[in-house]
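Me: I am new to this structure and would like a close look at a single part of it. Could you take me through the second largest pocket and then show me how the rest fits around that picture?

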Amino acid sequence: MASDSPPPLQTAIPLPPASGDQPLHLVHWTRVPIPPAAVTEAGGGLPDDTDQSSLVPIHIVDDASQLPHEFLNPSADKKLVIGFDCEGVDLCRNGALCVMQLAFPDAVYLVDAIKGGEALMQACKPALESSYITKVIHDCKRDSEALYFQFGIRLHNVMDTQIAYSLIEEQEGKKRAPDDYISFVGLLADPRYCGVSYLEKQTVRVLLREDPKFWTYRPMTEMMIRAATDDVRFLLYIYHKLMEKLNEKSLWQLSVRGSLYCRCFCINDNDYADWPPLPSLPESLVAEGYVPVEEILSVLHVPPGKMGRIIGRGGASITSVKECCNVQLCED
C-alpha cells in the first residue's frame, strides 16, 4: 500500500422507511485494504493505480442479533479470521471495557459493551474462546485480562501481530533488544506490511490523557467511531502479509506465545487448568528432530514498595535479567 494517512471515515444518510414513522439515522463507512490473498484469488495482482480497498459499513452493535450468525455460532465448517481489539478506561481487570472491535472482510462491528452489557458480551463468549475463529490483534495481554476478569471470557486462538513481527525479525537473523516491541503505529508504517501513517493515533492519545473517560460517552462521537475502526481495519491485510513470511517453526511459536500472552495477566489459583492446553509441537517438526526451547509462564509476586529493587537504577537490574535469561517481563 502507498504511504499515506488512513482514508477518512465516510458517512451516508439513507432514505427513511416508506412509512415515514422512523427517524433518519447515520450509516458509517470505511475503507478496508484488500488482503493479498484475495487479490490473488481474483486473478493476480492489480495495477499500481488501482484502489486495492473496499468500502465497508461500520455497525455499532448493542444487541447480539446485529452480529453475523457465523461469529455467534463458531463452526469447523466455517472457520473465520477477524481483526480484533478492545477499548476502555484503564483496560485491565479493574478498568472498564467499553468497546470491542471486530473487523470482517465485508464490515466492521463496534460492539458496545456499555449499552449491550453482560448479555451482549456473553453472546460473544463462544466466538472469543473458539479455536475456529482466529482473532488478529496487536498485543493481546491487557485485552485478555479485561475480558477474563470482567466477563469470564478466556480469549483463545489469537494471532498476535506484535509477536509475529518479532518472530519474523528472528527468522531474518536480527537480534532483538529486550524491550524492542513494535508498536501498532510502527507496524502500520512498515512498508513490508502496510506502509500507512497513522497520525491521528497521537491525537487520540492526547484526548485519553485529557479525559480518561473518553470511551464511556454515548452516543459514540465521530472521533470515537473513527479511532475504534482505525485500530482494526488494517489487521486482516497485515495478517496476510505476516503469514506469508512465517515458517512452520515460527507459526508454532506464534501460537504458543499467543496462548501465553492471553493468560499472562489472568492469574488464578488453579494453574490455568480451565484454559485450553498450549499447542503441541507439530509432527513435521518432531520428524525433523527439532527440539524446542520450552516456553514457560511464571508469576513472580513482588512485595509492595519493592519493585524499585527489581528494576534497579536506570533499569539496570531488570535489563540484566532479561538479557541473561532471555525472558519477556510483563509488569502487572
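**The second largest pocket**

Reply: Happy to help! The second largest pocket holds about 700 Å³ of space. A pocket here is an open set of points on a 1 Å grid over the protein atoms alone, with protein on both sides within 12 Å along at least five of seven lines, and lining residues have an atom within 4 Å of a point. Grid points are joined across faces, edges and corners, and the volume is the space filled by probe spheres set on the points.

This is a predicted model, in which local features need pLDDT of at least 70, side-chain atom pairs count only at pLDDT 80 or more, and totals for chains, interfaces and linings use all residues. Residues are numbered from 1 along each chain as its sequence is written, and side-chain values use heavy atoms, leaving out hydrogens and water.

Now to the lining, which has 23 residues; Asp85, Cys86, Glu87, Leu91 and Lys201 lie nearest the centre of the pocket. The elements giving two or more residues are β4 (80-89), α4 (141-151) and α7, and β4 gives the most, with six. Helices (H or I, at least four residues) and strands (E, at least two) are DSSP runs, numbered from the N terminus. By type, the lining has nine nonpolar, four polar and 10 charged residues. In this grouping Ala, Val, Leu, Ile, Met, Phe, Trp, Tyr, Cys and Pro are nonpolar, Asp, Glu, Lys and Arg are charged, and the others, Gly among them, are polar.

One lining element, α7, also leads us to helix α8, since α7 (200-210) is among the elements that cover the buried residues of α8. Others in that cover include β2 (27-33), β3 (53-61) and α6 (184-189). Eight of the nine residues of α8 (residues 222-230) are buried, so this helix is largely enclosed by the rest of the structure. Buried means under 20% relative accessible area, exposed over 50%, and partly exposed in between (1.4 Å probe, protein chains only). Met223, Arg226 and Asp230 are among the buried residues of α8.

Another lining element, α4, is followed by a loop between α4 and β8 (158-160), where His156 is found. His156 counts as buried, at 17% relative accessibility. Apart from neighbours within four places in sequence, its contacts (heavy atoms within 4.5 Å) include Leu128, Lys135 and Pro276.

For the wider setting, the protein has 13 helices and eight strands, and 42% of its 332 residues count as buried.

Key:
On a 1 Å grid over the protein atoms alone, a cavity is a set of points where a 1.4 Å probe fits but cannot get out, and a pocket is an open set with protein on both sides within 12 Å along at least five of seven lines; lining residues have an atom within 4 Å of a point.
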